Amino acid sequence: MTAYLLRRFISLSLSLVAASLVIFLVMEAVPGDPASFMMGINADPAAVAALREQLGLNEPLPLRYLGWVAGLLQGDFGVSYTYRVPVSELIAERVMISLPLTLYALALSTLIAFPAGILAAARRNSATDLSVMGATQLGVAIPNFWFAMILVLVFAINLRWFSAGGFPGWDAGILAAMKSLTLPAIALALPQASILARVMRSSLIDTLDEDFMRTARAKGLSRSQALRRHALRNALIPVLTIIGLQFSFLLAGGIIIENVFYLPGLGRLVFQAITQRDLIVVRSVVILLVFAVIVVTFLVDLAYAAADPRLRRRR
Amino acid sequence: MTKYPMAAAAVSMLALGLGLGMTPAVAAKMDVSIGMQLEPPNLDPTGGAAAAIDEVVYANVFEGLTRFGPDGAILPGLAESWEISEDGLSYTFKLREGASFHDGSAFDAEDVKFSLDRARAEDSTNAQKALFADISSVEVVDPATVKVMLAKPNGSFLFNMAWGDAVIVATESADGNAANPVGTGPFKFSEWAKGDRVELERYADYWGEAVKLDQVTFKFISDPTAAFAAMMAGDLDAFPAFPAPENLTQFEADPRFEVIIGSSEGETILAMNNKKPPLDNIKVRQAITHAIDRQAIIDGAMFGYGTPIGTHFAPHNPAYVDLTGQSAHDPEKSRALLAEAGVSDLTLALKLPPPSYARRGGEIIAAQLREVGITAEITNVEWAQWLEDVFKAKNFDLTIVSHTEPMDIGIYGRDDYYFQYGDADFKAIMADLANATDPDARTELMQAAQKKIADDAVNAYLFQLARTGVANAKLKGLWPNSPTQANDMTGVSWEE
């Protein structure tokens, strides 16, 4: 196990170094200068030059890269060009929205998908199965931003149960904050739940056809006992993979939903930073997301091992 | 910004059908939520050009020696009154007594000297440094009097001092204004939840008339559909520069809302690269101006909001001359001019920045140019790309931009400005204007400048951008026009 962890750690570090280099170079290659963006089209050229100097944009490329990486290693993400506050502060504020939203959506999606998928697999080809499959087909097909707008229309504009968007902040109380994340979480969860339910169903059906399931039934277990004790655990591996992928997707990819509900999350931070050429923010958030994806993949690997002891021994 | 026109239309239609008959919740409100499309990058108006900075802090948090009134008139600000010497070279400002900064420190002449010297310093990062260029020295006469000496007379000096870039900041807090603005205005900064909102609250020790609101919240909603939903759901009280003109008729039909249509300082132009052949030929430029049907662009791209202009000047300015007739829509004449110039099969690169006036207007202009035999190749660019490629590198033939600074005709005198005009005669007019202090002479020179750039067909002048806003019908005192980019909340109140 230790050797395995060590190997994983080295590959993780190498991925990060490669990612940092790629991110840095890509951001440098993008045309656009943060200083001229900030100063606008009526600006005095001397003032733009002074700002470039102040922001350290005149230093040579390798020096800036090394400075950035050295900062990262010490946990210093640098100072945002436009906001003029430490990037870590910006990220911390946004993570406090994006992460709970992701977990909320993931919890909702799992809570919907597991029962639906298990039910559909257990009663294969019944009316229940067909309606679950039909509903999930629809769930996969509906774009989540459209679904989000319908939610706003019904629950914010007409029923006025929720506000149309925005985030009151955690200071306003957990309930108020969770309430403002509810519609976005539902909008994010629906398509994910549909995918997950379909994966759950097909994985379970495959397992149910395995020889060991017949053995279990032959031992005298009822259908549902066999399903609970033997099939479910074996069917989990592909489901865990999907949940891991969904977590990364939701964390980084909530930008459209964040726009619809004007939530100040990570996605909007990156989007805004790209338009304003606040390169230092873009770089830092992207490397952080890369890091998150790598860590999640690692955790999913560990979860496989927990779900399937054979995987532990093989390593 | 991400947009979903189809879905937006569906939401709008449903909202119109279902949204009627709801009663707004009204109480003795002392707070107001204002929607803005763009978030300011920081809150220091002396360190950046973003309009969103002034839209939050101008007149609310920060004040200058003079200020713009709702109609664009120059009013006293932190300077109660002033005297101008005979030769126009010295301005003596009598300052407000009892004014203080939000951190409690007193406001006096030293702060004025510091602010002006800082803005015109060698290493200044003031985006409008040119406003201060004529200042030769700033003297503190006594704590309540400051004397500004100019190197040469400047008829627009008081106007210059009204800009958001010329506000007075305190020595102690100037460096922190980006994140924690400290000014002398009637509202003080209280919180900035980045990406979401900025909150201001009433400043109890304000020197002037007390404001009628306790709290002002500026909320940042970039998506037009979300902005629509937020107004409809009652989350916002006003959206002074509403991003989707197509939704305005729905607000008009709803008694809960008032639609506010005003003018802005945005001259929207089809800029041409004057040094790039064949656009260096005046006949080609004239041909382009005659190919354009302004009203069709206003109707098609701006849903009818906007005033046609024939030169780079705001129509609501008393010195404006209507020169639209000089470049009237005349495809025949346009083709004739192209033939005279010996140009055929002309293909031009039209680069369009993100705002809808450019993207939608660009499509229409391309179609109009096709009528006279010019092919416009459209490229959509982001702002940062536009600044790099068009503005700095001048790698374009045509582009559409709204120039939103007040009284910015002076850009035509700049060498190396992106449309590359910088004509010597025009510069002479500008120099005379700077020296003229007599109002009549100034008007005459401003009109001469307008005619000069129209005669030279430097750019094709399209329309003055309208300021289209939506507000709760009970909210009073919002500026209908925007003589400068601001949301002045000092006169805003809720109807009893």
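A residue is buried if 20 or more other C-beta atoms lie within 10 Å of its own, exposed if 12 or fewer, and partly exposed in between, with C-beta atoms placed from the backbone. The model is predicted: local features need pLDDT of at least 70, side-chain atom pairs count only at pLDDT 80 or more, and totals for chains, interfaces and linings use all residues. Residues are numbered from 1 along each chain as its sequence is written, and chains are lettered from A and ligands numbered from 1 in the order in which they are written.

**Exercise 1. Classify B:Ala457 and B:Met407 by burial, and describe their backbone and their place in chain B.**

Step 1. B:Ala457 has 23 C-beta neighbours inside 10 Å, so it counts as buried. B:Met407 has 17 such neighbours inside 10 Å and therefore counts as partly exposed.

Step 2. Phi of B:Ala457 is near 45°, a positive value in a residue other than glycine. For B:Met407, likewise not a glycine, phi is positive too, near 50°.

Step 3. Helices (H or I, at least four residues) and strands (E, at least two) are DSSP runs, numbered from the N terminus. On that basis B:Ala457 sits in the loop between α13 (439-455) and β17 (460-472) of chain B. B:Met407 belongs to the loop between β16 (398-403) and α12 (424-435) of chain B.

**Exercise 2. Locate the cis peptide bond of B:Pro278, then describe the surroundings of B:Lys283.**

Step 1. The cis bond joins B:Pro277 and B:Pro278, with omega about 0°. B:Pro278 lies in the loop between β12 (257-272) and α7 of chain B.

Step 2. B:Lys283 is placed in that helix, α7 (residues 282-291) of chain B. With 17 other C-beta atoms within 10 Å, B:Lys283 is partly exposed.

Step 3. Two residues are in contact if their C-beta atoms, placed from the backbone, lie within 7 Å. Leaving out residues up to four places away in sequence, B:Lys283 touches B:Leu337, B:Glu340 and B:Ala341.

Step 4. B:Lys188 is 95 residues from B:Lys283 along the chain, and their C-alpha atoms are separated by 55 Å.

**Exercise 3. Determine which face of α6(A) is buried and what covers its buried residues.**

Step 1. Helix α6 of chain A (residues 127-141) has 15 residues and reaches 21 Å from its first C-alpha to its last, close to the 21 Å expected at 1.5 Å a residue. The expected span is 1.5 Å times one less than the number of residues.

Step 2. The buried residues in α6(A) are A:Val132, A:Thr136 and A:Gly139. Seen down the axis of α6(A), the buried residues fall within an arc of 55°, so they line one face of the helix; the arc is that of the directions from the helix axis to the C-beta atoms.

Step 3. On the face turned away from the buried side, α6(A) carries the exposed residues A:Ala127, A:Gly134, A:Gln137, A:Leu138 and A:Ala141.

Step 4. The cover over the buried residues of α6(A) includes α5 (87-122) and α8 (174-208) of chain A.

**Exercise 4. Describe the overall make-up of each chain.**

Step 1. Chain B has 13 helices and 19 strands. Its radius of gyration is 24 Å, close to the 23 Å that the globule rule gives for 496 residues, so chain B is as compact as a globular protein of that length. The radius is taken over C-alpha atoms, and the rule is 2.2 Å times the number of residues to the power 0.38.

Step 2. Chain A comes to 14 helices and 0 strands. Along its principal axes the C-alpha trace of chain A spans about 85 × 60 × 35 Å.

Step 3. Buried residues make up 50% of the 496 residues in chain B and 39% of the 315 residues in chain A.

**Exercise 5. Describe the side of chain B that touches chain A.**

Step 1. The contact takes 50 residues from chain B and 50 residues from chain A.

Step 2. In chain B, α1 (5-18), α5 (224-232) and α11 (383-392) each supply at least two residues of this side. The most comes from α11(B), with 8 residues.

Step 3. By class, this side of chain B has 25 nonpolar, 12 polar and 13 charged residues. Ala, Val, Leu, Ile, Met, Phe, Trp, Tyr, Cys and Pro count as nonpolar, Asp, Glu, Lys and Arg as charged, and the others, Gly among them, as polar.
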